[in-house]
Amino acid sequence: MKVDKYDVTAASGASIWVIVEHGTDIEKFEMPDGYRIKGFVETFELTKDSDLNYEQAMDRLKAQGCYYGTTFKGCSVK
């Protein structure tokens, strides 16, 4: 799946990232309260060979439309 990665500032002020399906209008994407997009990072193909937990990332992308993380470790944001 082709995805877009964005830097995000969390409500706590921590720097994290979010990936969304490529072509998602990030300006209309609903972020959790206190979170804000800092900027676009890259577009890449999410595959089983990616540095991310592929199964977890795909599950989150399908269920929530996004996958949050820090460095290259995914995390759950409600």
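R36 touches D7, V8 and T9, with residues up to four places away in sequence left out of the count; a contact here means heavy atoms within 4.5 Å. R36 belongs to strand β3, and its C-alpha lies 5.6 Å from that of V8, although the two residues are 28 positions apart in sequence. The model is a predicted one, in which local features need pLDDT of at least 70 and side-chain atom pairs count only at pLDDT 80 or more, while totals for chains, interfaces and linings use all residues. Residues are numbered from 1 along each chain as its sequence is written, and side-chain values use heavy atoms, with hydrogens and water left out.

**Overall architecture**

The chain contains one helix and five strands, arranged along the sequence in the pattern β-β-β-α-β-β. Helices (H or I, at least four residues) and strands (E, at least two) are DSSP runs, numbered from the N terminus. Of the 78 residues, 36% count as buried; buried means under 20% relative accessible area, exposed over 50%, and partly exposed in between, with a 1.4 Å probe and protein chains only. About 4900 Å² of the chain is exposed, with carbon and sulfur atoms supplying 45% of this area. Accessible areas come from the Shrake-Rupley method with a 1.4 Å probe, and for residues only the protein chains shown count as cover. Among contacts with a separation of 6 or more, 53% join residues 24 or more positions apart.

**Strand pairing**

Strand β1 is largely enclosed by the rest of the structure, because six of its eight residues are buried. Two strands pair if DSSP finds at least two bridges between them. β1 is antiparallel to β3 over eight bridges, and Y6 has F40 in β3 as its bridge partner. β1 is also antiparallel to β2, over seven bridges; here D7 has W17 in β2 as its bridge partner. The hairpin of β1 and β2 has five residues between the strands, and G13 takes a positive phi near 95° in it.

The loop between β2 and β3 holds E27, which is exposed with a relative accessible area of 71%. The C-alpha atoms of E27 and I37 are 8.7 Å apart, and the two residues are 10 positions apart in sequence.

**Nonpolar cores**

A nonpolar core is a set of buried Ala, Val, Leu, Ile, Met, Phe, Trp, Tyr and Cys residues joined through side-chain atoms within 4.5 Å. The largest one has 11 residues: Y6, V8, A10, I16, V18, V20, I26, F29, M31, C66 and Y68. Two or more of these residues come from each of β1 (2-9) and β2 (15-21), and β2 gives the largest share, three residues. Another core, of 10 residues, lies apart from it and includes I19, L46, M58 and L61. C66 touches V18, I19, V20, F29, R60 and L61, when residues up to four places away in sequence are not counted.

**Aromatic pairs**

The whole structure holds three aromatic pairs. Rings of Phe, Tyr and Trp (its six-membered ring) pair if their centres lie within 6.5 Å; planes under 30 degrees apart count as stacked, over 60 as edge-to-face and the rest as tilted. Two of the pairs are set out below.

| Pair | Distance between centres | Angle between planes | Class |
|---|---|---|---|
| Y6 and F40 | 5.5 Å | 75° | edge-to-face |
| Y35 and Y68 | 6.0 Å | 70° | edge-to-face |

Y6 lies in strand β1 and F40 in strand β3 (residues 36-45), so their pair ties together parts that are 34 residues apart in sequence. Y6 counts as buried at 9% relative accessibility, whereas F40, at 48%, counts as partly exposed. Y35 lies in the loop between β2 and β3 and Y68 in strand β4 (residues 67-70), so this pair ties together parts that are 33 residues apart in sequence. Y68 counts as buried, with a relative accessibility of 4%.

**The helix**

Helix α1 spans residues 54-64, and A57, M58 and L61 are buried in it. These buried residues line one face of the helix, because they fall within an arc of 95° when seen down its axis; the arc is that of the directions from the helix axis to the C-beta atoms. The buried residues of α1 pack against β1, β2 and β4. G65 follows α1 and has a positive phi, near 80°.
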